[in-house]
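Thanks, everyone; I would like to use these few minutes to walk through one model, and I will put the sequence and the structure up before I say anything about them.

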Amino acid sequence: MWGKVRKARDRVAHALRTEPKAGEGKRPHNLFEAAAVYVTASAEDDQERADEAAGWVSPEALSFGVNELAGRAVVALARERGESPRTVARELLGLPAE
């Protein structure tokens, strides 16, 4: 059983690992930095920049970062509006209120 846990842990650690591309001496990009750049580039319709940010981390790490950013944004917007996160999320997605 512990072997399965260790394998799962190793897969998650590998997915979250960020490494500089070959030949680059710069620091690796943080998965949250990649998510922020990816989301803002998508919002600004800058496909080239979105593709660049998507290459900084693994697809799994980018997905995790985008999900975390979305959750934090909904909570912050809900606090600002004095509404529930559910209400804000549904409104942002154009869904009817419950």
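What follows is a look at a nonpolar core and at two helices that contribute to it, bearing in mind that this is a predicted model.

Let me begin with the largest nonpolar core, which has 9 residues, namely L31, A34, A35, V37, A53, W56, V57, A61 and L62. Two helices, α2 (31-43) and α4 (59-81), each supply at least two residues of this core, and the largest share, 4 residues, comes from α2. If you look at W56, and leave aside its neighbours within four places in sequence, you will find this residue in contact with H29, E33, A34, V37 and R49.

Now, how do α2 and α4 pack against each other? Their axes are 8 Å apart and meet at an angle of about 70°, and because angles from 65 to 115 degrees count as roughly perpendicular, that is the description that applies to this pair. On the α2 side the contact is made by L31, F32, A34, A35, A36, Y38 and V39, and on the α4 side by A61, L62, F64, G65, V66, E68 and L69. By character, the residues of this contact divide into 12 nonpolar, 1 polar and 1 charged.

Turning to α4 on its own, its 23 residues should span 33 Å at 1.5 Å a residue, and the end C-alpha atoms are indeed 33 Å apart, so the two values agree. Within α4, the buried residues include A61, L62, G65, V74 and A78, and the helix is followed by G82, whose phi is positive, near 70°.

Methods
Residues are numbered from 1 along each chain as its sequence is written. This is a predicted model: local features need pLDDT of at least 70, side-chain atom pairs count only at pLDDT 80 or more; totals for chains, interfaces and linings use all residues. Side-chain values use heavy atoms; hydrogens and water are left out. A nonpolar core is a set of buried Ala, Val, Leu, Ile, Met, Phe, Trp, Tyr and Cys residues joined through side-chain atoms within 4.5 Å. Buried means under 20% relative accessible area, exposed over 50%, partly exposed in between (1.4 Å probe, protein chains only). Contact means heavy atoms within 4.5 Å. Axes are lines fitted to C-alpha atoms, for helices over the stretch in contact, and angles run from 0 to 180 degrees between N-to-C directions. Angles under 35 degrees count as roughly parallel, over 145 as roughly antiparallel, 65 to 115 as roughly perpendicular and the rest as oblique. Ala, Val, Leu, Ile, Met, Phe, Trp, Tyr, Cys and Pro count as nonpolar, Asp, Glu, Lys and Arg as charged, and the others, Gly among them, as polar. The expected span of a helix is 1.5 Å times one less than its number of residues.
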